[in-house]
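Please report on the interfaces, the domain layout and the ligand site of this model. Keep it brief.

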Amino acid sequence: MYASEIDMLSPRSLLECLYLLENEKASFRLLAGGTDAVVRMKEGKWQHDYWLNLKNIDELKFITIEKDEIHIGPLTTHSEIISSPLLQDHADVLVQACREVGAAQMQNMGTIGGNIGTASPAGDTIPALFALGAIIELTSITGKRQVSAEDFFVGPGKTVAFPNEIITKISFKVRGKHDIGLFQKLGPRKAQSISIVNVAISLSMKEGTKECLGGRIAFGSVGPTVLRAKKCEAMLTLGELSPDMISNISSVAWKEVMPISDIRASASYRRDMASALLERGLYRLIKRWADNERKPF
Amino acid sequence: MKENHFKYIGRPVPRMDAPEKVTGTLKYMTDYHFEQMVWGKVLRSKYPYARIKSINTSKAESLPGVVCVLTHKDIPGFNGFGIVVPDQPVLARDVVRCTGDAVALVAAETKEIAEHAISLIEVDYERLNPVTDAEFAMSSNAPSLHENGNIHSHVIIKNGNMDTAFEEADVILENTFYSPRQMHAFIETEGGWGIQEPDGMLTIRCPGQYAYRDRLQIARALAMNPARIRVISHPIGGAFGGKDEITVQIYLALLALHSGGRPVKIHLSREESVIAGIKRHPFKVEMKTAAKKDGTLLANQVRAVADTGAYASLGGAVIALAIEHCCGPYKIPNVDLEGFCVYTNNGISGAFRGFGVNQVCAAIETHMDMIAEKLGMDPIELRKKNAYEKGERSSIGHELKTSVGTLKTLETAETCELWKNREMYKKNISEPWKKRGIGIATSFHAVGMGIGLPDYGAATIELLPDGTFKVGVGCEDIGGGNSTVYAQVAAELLNCDIEKITVIQGDTAETLDSGTVTASRSTYTGGKAIAAAVPHMIRVLTEAASAQHRVEPENILIGENEYYAMTKNGEQVSTYEKLYAYLHENRLSTKVEGHFMLPKEKEELPQSGGAPHHLYGYLTHLALVEVDTLTGETEVLRVVSIPDAGQVLNPQGLEGQAEGGAVMGIGYTLYEDVLMDGGYHQTANFTNYIIPTIRETPVIETFPVESTEETGPFGAKGIGEVVMIPIIAAIMNAIYDAAGVRIMHLPATPERIYKALKSRDVRQ
Ligand SMILES: Cc1cc2nc3c(=O)[nH]c(=O)nc-3n(C[C@H](O)[C@H](O)[C@H](O)COP(=O)(O)OP(=O)(O)OC[C@H]3O[C@@H](n4cnc5c(N)ncnc54)[C@H](O)[C@@H]3O)c2cc1C
């Protein structure tokens, strides 16, 4: 079968899309921005019968706040996230991660749903979603279920979603004014690069101090899925986040990751870089906190 | 820029091709689609080294939509190509030597059918152990990949007495340098069109760097009169040397002969381009350099091994140029230099901007930096002390008869703002783990061909009915901007507005053979050829004006955009249109030619492979870098490029080259390498082949020093290659200045720098 023979269906509503997905005789592949999908298609990797084009389903594109929760539609592009004042205020770590996705072209086309759907261990938004404690909503014709970002990914390219399910919402709690976050990426260059290691950090700080009341740290590209660094997290609250403390916390990071060697970097370098990025990230975050600029924008 | 009385020369004339390239309206050849076209595909070898036992094409032939399937049996002429020795089969017959080897060709109704057909061709291979290390390839244990063994060429230059030199020395440095397999990474991958015209003529439209030579190589494979082949090689979506050799021209020609007169298109995917396209030679350079306490260089011993991959292409010339340049623009009295160009099963290496000099410059300029440090000397002072001047002898022992700008470039470097304030820049770090450093390096690059290769240029100028001139130069514009320079030279000398000039390049039907666009030669060559043609055009126009107005030619004056005849009735004006009309009515030619030979050295250094050259361009680079010692990342913050290009014809064009070259040099030093394992490419495409983006592009300043080259057009030399050379060592030296580690295995990736930092910290 040739790639040009794969037909494309463009449902007008979520419901229509879900109906189509129920057809067990045909195989489908969802198409959002296409920045991953088209690459796979060209490589001849995917041999499905139909593309299900989500572009026309406006109900999947939103950024809203309801009570203490932020909701993002999966069809929201990285650029839309970057320029959202709401997310700049409440999800700095995600905004920064989206800024690191490829370059302008990818950010304009690529969506957060697609980044999650691809489920790459190097996907840049995923550690940010871990750090925010995000919940991913899956919908099929029979109903909805909520899965936490941490439970969503099974392995490289694999998620808990069934073939008839689609991601319909990403949500997380709004952040208090002492919650600060940061995303750090090490790639082979600054733009258009796949992460060698990335890390998302989210901290709740005690006002007027460098003490941390709790936080989340998630690493990408150092294991089969994005990983939480729970030992490092536990150390965050041991004392004031001084440069020495930061260095101590960071030195533990290598114990939490299980990278492999590939063409981009060796496992041992990746392991050391988990520590380096965490150190750099915590240093920058605390400096920002101390300088009292909650937003890096 | 000095004041001059010229209208166009030395002025920042905007590039003629800029608007259509910037707006995207220019269609490159591979952008076209035609009615009735067929798609061509190439079957590449499955293995880096294997014997072919049989090829069965029957399944592919019977696939609906397939137009033809061709193998070595379908080659009417000589089954080989290669600029110097045609050792690369057009289509492999009994052996494949790299995964880029072509085994069969298909033409089909669609690209997908062609791809499918390719997968149906059954090739029975007997796998052989690939030779993937150049040093091993040279040993007696390695199987011979070609008839005459694996050493394609061996060049030697000796001068002085090495033994005593090393005894006298106060400082001796000995190091080994490894360089990457850089990819040209042009935007437009190899591709083009072939069609057999109804009269049997073949037209091949395929971006290249020398249409006339491509035509000869096609003709040889097809056993066809070259006059019956037209090659159009322009416009080009980038080349950098990577389209100097045959790319797909012969495949297009073969398929066109079997496609029933339908146009056939081949356009390599990036992945196929990576596998089949040529690369920069990875080098191993062992260098031992000696100096006296006062900084005088005493001796340099070099052994360089270049991995040319499966076929020679221009590998022999690359290693020869490397050895000619490996002592830098210095006068080292005692040298013992040798280079080997070696066959392996690692793809194919060939021409690439810099042509071997990049690899050796990295070594000598690192040694210069180390010597300066050991002696506590200023690195610029050390270079100035050893640089040769015009009239002096270079390290390889020949007297420089043409302009030499090294000293001027070094003096400019010394007084530039970045160097003067370097301590301030170095202190100016943003985070505690960042370290800044500034490095300097200088180098040179030959302009034109070496001894043994005829080097000539030719141009045509034709007056058109609308009173404009069509200037034809064989040399393509591979992105360097020579078309604009050609228009400037023609307009200046014809004394007309530049708008009246159209430049035609790279078309065997429209232009004369003017040699290749390599060796930094096309501004010099094309410019001189136009200058040679202009007097003929002026004579044609003067004679026409004199006949038209019935006055002696002495009474004709050349004005701006028109000619004046001093007649009895006063001054009469002849416009170009009127002159054309006169020439046309009287069936007189409106087209002239200009030819010239490039000057050369007379005596070749024995065994050097063509050294010395007659002309060289010189350049000094400064680089400011910041190293993140936590991660090993290096950022180049500022670059100063100080070229000696002779007289600058177009400052804006020069800046374009200087900036593009600097960025390419940054890529070479920090990011780029096509990784191979066991003869297979590990780097598949741009996902992992990292070239600098605008975010890796620093502020680049260009300060040309002008050392007039008497023989050049308006005093110009060539600059296309040297602009990317010293920056490599400048960055390496800056990394050392910043972080205290010497990375001698490029690219200096974050991981390599980090590891060097880590092992240094362990040692300390
Ligand atoms: C040059 C380049 C650079 C890149 N750089 C980066 C980078 O730096 N960091 C990074 O993380 N990624 C990068 N990417 C990958 C890609 O751009 C991102 O992953 C992007 O977010 C994918 O979004 P998309 O909308 O284009 O997804 P698509 O390609 O449309 O889809 C991707 C996958 O998600 C599935 N999918 C899409 N929407 C849904 C949904 N609502 N529910 C369930 N499944 C869904 C699709 O079926 C498909 O399997 C890069 C890609 C390219 C080509």
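## Contact between the chains

Chain A puts 24 residues into the contact and chain B puts in 31 residues. The model is predicted. Between chain A and chain B, about 2400 Å² is buried. Carbon and sulfur atoms give 53% of that area.

How many salt bridges are counted between chain A and chain B? The count is five. In one salt bridge, the side chains of K190(A) and E635(B) meet, with N to O at 2.5 Å. Polar contacts also span the interface of chain A and chain B: 15 residue pairs, both partners at pLDDT 80 or more.

## Domains of chain A

The domain assignment splits chain A into three stretches: domain 1 covers 3-53, domain 2 covers 58-173 and domain 3 covers 179-293. The centres of domain 1 of chain A and domain 3 of chain A, taken over C-alpha atoms, are separated by 37 Å.

## Ligand site

The ligand is surrounded by 32 residues. The closest are L30(A), G33(A), T35(A), A37(A) and T111(A).

Oxygen atoms of the ligand take part in several polar contacts. L30(A) offers a polar backbone atom at 2.6 Å from a ligand oxygen. For H78(A), a polar side-chain atom lies 2.7 Å from an oxygen atom of the ligand. In K185(A), an N or O atom of the side chain is 2.9 Å from a ligand oxygen. Taken alone, the ligand exposes 980 Å². The protein buries 87% of that.

## Domains of chain B

In chain B, the domain assignment gives each domain two segments. Domain 1 combines 18-24 with 456-597. Domain 2 combines 32-128 with 190-267. Domain 3 combines 283-450 with 604-763.

Over C-alpha atoms, the centres of domain 2 of chain B and domain 3 of chain B are 37 Å apart. Their contact takes 20 residues from domain 2 of chain B and 18 residues from domain 3 of chain B.

## Inside the domain 2 and domain 3 contact

Domain 2 of chain B and domain 3 of chain B bury about 1500 Å² between them. Of this, 57% is on carbon and sulfur atoms. Which residues of domain 2 of chain B lose the most area to domain 3 of chain B? They are P48(B), D87(B) and F240(B), together 33% of what that side buries.

The salt bridge count between domain 2 of chain B and domain 3 of chain B is zero. The count of residue pairs in polar contact between these two domains is eight, with both residues at pLDDT 80 or more. The side of domain 2 of chain B that touches domain 3 of chain B has nine nonpolar, four polar and seven charged residues.

Terms used. Residues are numbered from 1 along each chain as its sequence is written. Chains are lettered from A and ligands numbered from 1 in the order in which they are written. This is a predicted model: local features need pLDDT of at least 70, side-chain atom pairs count only at pLDDT 80 or more; totals for chains, interfaces and linings use all residues. Side-chain values use heavy atoms; hydrogens and water are left out. Domain bounds come from an automatic or database domain assignment. Contact means heavy atoms within 4.5 Å. Buried area is the accessible area (1.4 Å probe) that two parts lose on being put together, summed over both. A salt bridge is a side-chain nitrogen of Lys or Arg within 4 Å of a carboxyl oxygen of Asp or Glu. A polar contact is a pair of N or O atoms within 3.5 Å; within protein, one must be able to donate a hydrogen and the other to accept it, and residues adjacent in sequence count only if both atoms are side-chain atoms. Ala, Val, Leu, Ile, Met, Phe, Trp, Tyr, Cys and Pro count as nonpolar, Asp, Glu, Lys and Arg as charged, and the others, Gly among them, as polar. A residue is near a molecule or strand if one of its heavy atoms lies within 4 Å of it. Accessible areas come from the Shrake-Rupley method with a 1.4 Å probe; for residues, only the protein chains shown count as cover.
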